[in-house]
Amino acid sequence: MPSVYIKTYGCQMNERDSEAVSAQLVAKGYTLAASESAADVILLNTCSVRDAAEQKAIGKMRTLAAEMRRHRPEVVLGFMGCMAQSRGRELIDKLPDVDLVIGTQKFHRAADHLDEIFAGKRDKVVDVAEEQGSEATIREHVLNGIGASKPVTAFVSIMQGCNQRCTFCIVPDTRGAERSRTIADVVAECRELVARGVREITLLGQIVTSYGRREIPVRDGKSGFVQLLEAVHEIEGLERIRFTSPHPKGYGDDLVEAYARLPKLVESAHLPVQSGSDAMLKAMHRGYTREKYLGIIGKLRGVRPQMGVTTDIIVGFPGETEADFEDTLSLAREVEFDNAYIFKYSPRRETPAAEMPGQLPRAVKEERNARLLAVINEIGARRYENYVGRQAEILVEGPSKRNPARLMGRTRSNKIVVIDGSERHRGQLMDVKVTRAGSFTLYGDPAIINVE
Ligand code: 5AD
């Protein structure tokens with residue numbers, strides 16, 4: 001059977017989608033190739049959130065197409081995911097070597113489409129239609145991928161789509177309207193993962209806090225999302241629960257209280273703020289003010305003082321003045337984020353912000369990006385430095401990426417800690433003493449605390 005290589009761009013949802021497609025292909029008899037050069041099928045799972053992400057995937061496909069045409073013309077090339085969804089057939093018109101375009105509601109059809117291409121029944125396939133129930137098709141996991149031993153952590157996709165319509169964002173078009181899986185279905189998937197050795201689960205969705213809003217009635221003041229957290233929390237053998245990404249509007253008191261009640265829910269929140277200026281938040285259609293956001297952070301730290309907080313911020317949104325930008329700088333200092341992903345505003349097709357007056361020159365975006373990055377790095381360094389000399393619980397995940405001779409784990413607040421250890425520590429919760437802080441990484445010594 002043919003072998004497949006999937007290269008993933010973009011967010012964790014994309015990582016998860018690629019994994020599910022890999023598992024579905026394996027179940028149909030395909031194998032997973034260790035590299036592009038060994039593959040009979042190369043799929044690029046794409047991101048559309050910024051133009052740069054699209055250009056990267058298009059550039060990659062251009063290089064692949066030229067190479068394959070010369071050396072291995074039989075190799076099947078495909079795009080899948082967000083850019084595939086929003087551009088569809090246009091991608092084949094632009095890059096005639098592409099054989100397959102699979103949208104975000106059709107991932108589970110990848111194997112069938114490849115079968116038909118290999119059987120010679122179809123030449124080109126573009127499948128970007130909507131499909132009812134597609135949110136429940138991202139459920140298979142690759143539990144022994146190439147070279148990987150049993151994973152300790154796993155992503156579980158709980159919903160698809162987004163209804164928020166932030167004025168800058170293309171995602172409602174690429175991912176469609178919000179659709180949630182059932183609690184029973186998500187819990188069953190989590191149980192299977194735990195039975196296979198997974199200790200930490202990250203629940204995924206574009207806005208996870210909107211989970212079940214239409215499908216699951218509020219019960220005892222608890223949203224569908226909080227009901228899901230409670231159900232997953234019941235799973236014996238599961239040690240930690242994370243989720244990403246939430247929306248500030250989803251932090252009702254029910255969710256804040258869940259942190260007080262559910263010990264497996266770790267003290268970590270990736271809470272995208274986008275801007276510290278009320279005028280920008282309004283123009284972005286975010287649905288909260290700076291004050292409201294600060295209030296949520298205060299409440300979370302009230303129940304869990306160690307809460308690690310990270311965020312996404314856009315600089316250079318249309319009409320952003322120097323004063324608006326300074327509001328973002330001051331918000332970053334006030335919250336003291338552990339880290340932040342900074343994005344230079346990128347106009348996206350058919351989004352309201354792309355048509356707004358006051359589009360800013362690239363130089364202004366670059367300059368604000370650099371100034372904000374300096375502040376984020378300075379605060380981050382201080383917050384990481386604060387851990388030095390302290391004890392922290394980590395879940396050991398496996399070899400450190402940068403130095404495979406050492407192990408890495410994460411604190412509950414989602415900080416990577418590199419330690420000396422051996423394979424038998426994988427999957428263990430361990431108390432370590434943090435001895436040193438590097439750039440957004442901690443180094444720890446388990447021996448000082450854990451008597452062997
Ligand atoms: N330009 C720049 N950044 C964007 N993001 C989403 N859309 C855009 C855009 N048009 C950022 C937001 C979001 C993150 C995933 O990507 O900060 O939270």
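A polar contact, as I use it here, is a pair of N or O atoms within 3.5 Å. I am working from a predicted model.

**Entry: the ligand site**

I started with the ligand. Serine 346 gives a polar contact: one of its backbone atoms is 2.8 Å from a nitrogen atom of the ligand. Phenylalanine 168 also uses a polar backbone atom, at 3.0 Å from a ligand nitrogen. Aspartate 312 works through its side chain, with a polar atom 2.7 Å from a ligand oxygen. I then listed the surroundings. Val49, Arg50, Phe168, Gln274, Asp312, Ile314, Phe343, Lys344, Tyr345, Ser346 and Arg348 surround the ligand.

**Entry: the open sheet**

Next I looked up the sheet that contains strand 1. It is open, with 6 strands in the order 2-1-3-4-5-6 and parallel pairing. Which strands stand at the edges? They are strand 2 (31-32) and strand 6 (125-127). Each has a single partner strand, so one side of each has no neighbour in the sheet.

I checked one pair inside the order. Strand 4 (residues 76-81) and strand 5 (residues 100-102) are parallel, joined by 3 bridges. Phenylalanine 79 faces valine 101 of strand 5.

Two helices lie across this sheet. Helix 1 (residues 12-27) crosses strand 1 (3-8), strand 2, strand 3 (41-46) and strand 4. Its direction is at about 175° to strand 1. Helix 2 (residues 51-71) lies across strand 1, strand 3 and strand 4. I noted about 170° between helix 2 and strand 4.

**Entry: cysteines**

I searched the whole structure for disulfides and found 0. Cysteine 11 has cysteine 47 as its nearest cysteine by sulfur position, at 6.4 Å. A disulfide would need the two sulfur atoms within 2.5 Å, so this pair does not count. From the other end, cysteine 47 is likewise in no disulfide, and its nearest cysteine sulfur is that of cysteine 11. Are the two buried or partly exposed? Cysteine 11 is partly exposed at 38% relative accessibility. Cysteine 47 is buried, at 13%.

**Entry: glutamine 227**

Glutamine 227 sits in helix 8 (residues 224-233). Why does glutamine 227 count as buried? Its relative accessibility is 7%, and the limit for buried is under 20%.

I looked for partners of its side chain. One is the backbone oxygen of lysine 222, at 2.9 Å. Another is the backbone oxygen of proline 217, which lies 3.0 Å from a polar side-chain atom of glutamine 227. Leaving aside residues up to four places away in sequence, glutamine 227 touches Ile183, Ile216, Pro217, Val218, Arg219 and Lys222.

**Entry: helix 9**

Helix 8 came up again when I turned to helix 9 (residues 253-261). The buried residues of helix 9 are Asp254, Leu255, Val256, Ala258 and Tyr259. They pack against helix 8, strand 11 (240-244), strand 12 (268-270) and helix 11 (290-303).

**Entry: serine 277**

Where is serine 277? I found serine 277 in the loop between strand 12 and helix 10 (278-283). At 1% relative accessibility, serine 277 is buried. A polar atom of its side chain lies 3.2 Å from the backbone nitrogen of alanine 279.

I then looked further along the chain. Alanine 323 is 46 residues from serine 277 in sequence, yet their C-alpha atoms are 8.4 Å apart. Serine 277 touches Asp324, Asp327 and Thr328, with residues up to four places away in sequence not counted.

**Entry: the barrel**

Last, I traced the barrel. It closes from 5 strands in the order 15-16-17-19-18, with mixed pairing. Neighbouring strands are turned by 50° against each other on average, direction ignored.

I went through three of its pairs.

- Strand 15 (residues 391-399) and strand 18 (residues 429-438) run antiparallel over 5 bridges. Glutamine 391 has lysine 433 of strand 18 as its bridge partner.
- Strand 15 is also joined to strand 16 (residues 407-411) by 5 bridges, again antiparallel. Here leucine 395 stands opposite arginine 410 of strand 16.
- Strand 17 (residues 416-419) and strand 19 (residues 441-445) pair in parallel over 2 bridges. Valine 417 is bridged to leucine 442 in strand 19.

Definitions and conventions:
Residues numbered from 1 in each chain as written. Predicted model: local features only at pLDDT ≥ 70, side-chain atom pairs only at ≥ 80, totals over all residues. Heavy atoms only, no water. Pairing = 2+ DSSP bridges. Helix = DSSP H or I, 4+ residues; strand = E, 2+ residues; numbered from the N terminus. Axes fitted to C-alpha atoms, helices over the stretch in contact; angles between N-to-C directions. Buried < 20%, exposed > 50% of the residue type's maximum accessible area, 1.4 Å probe, protein only. Polar contact = N/O pair within 3.5 Å; in protein donor to acceptor, adjacent residues only side chain to side chain. Contact = heavy atoms within 4.5 Å. Near = heavy atom within 4 Å.
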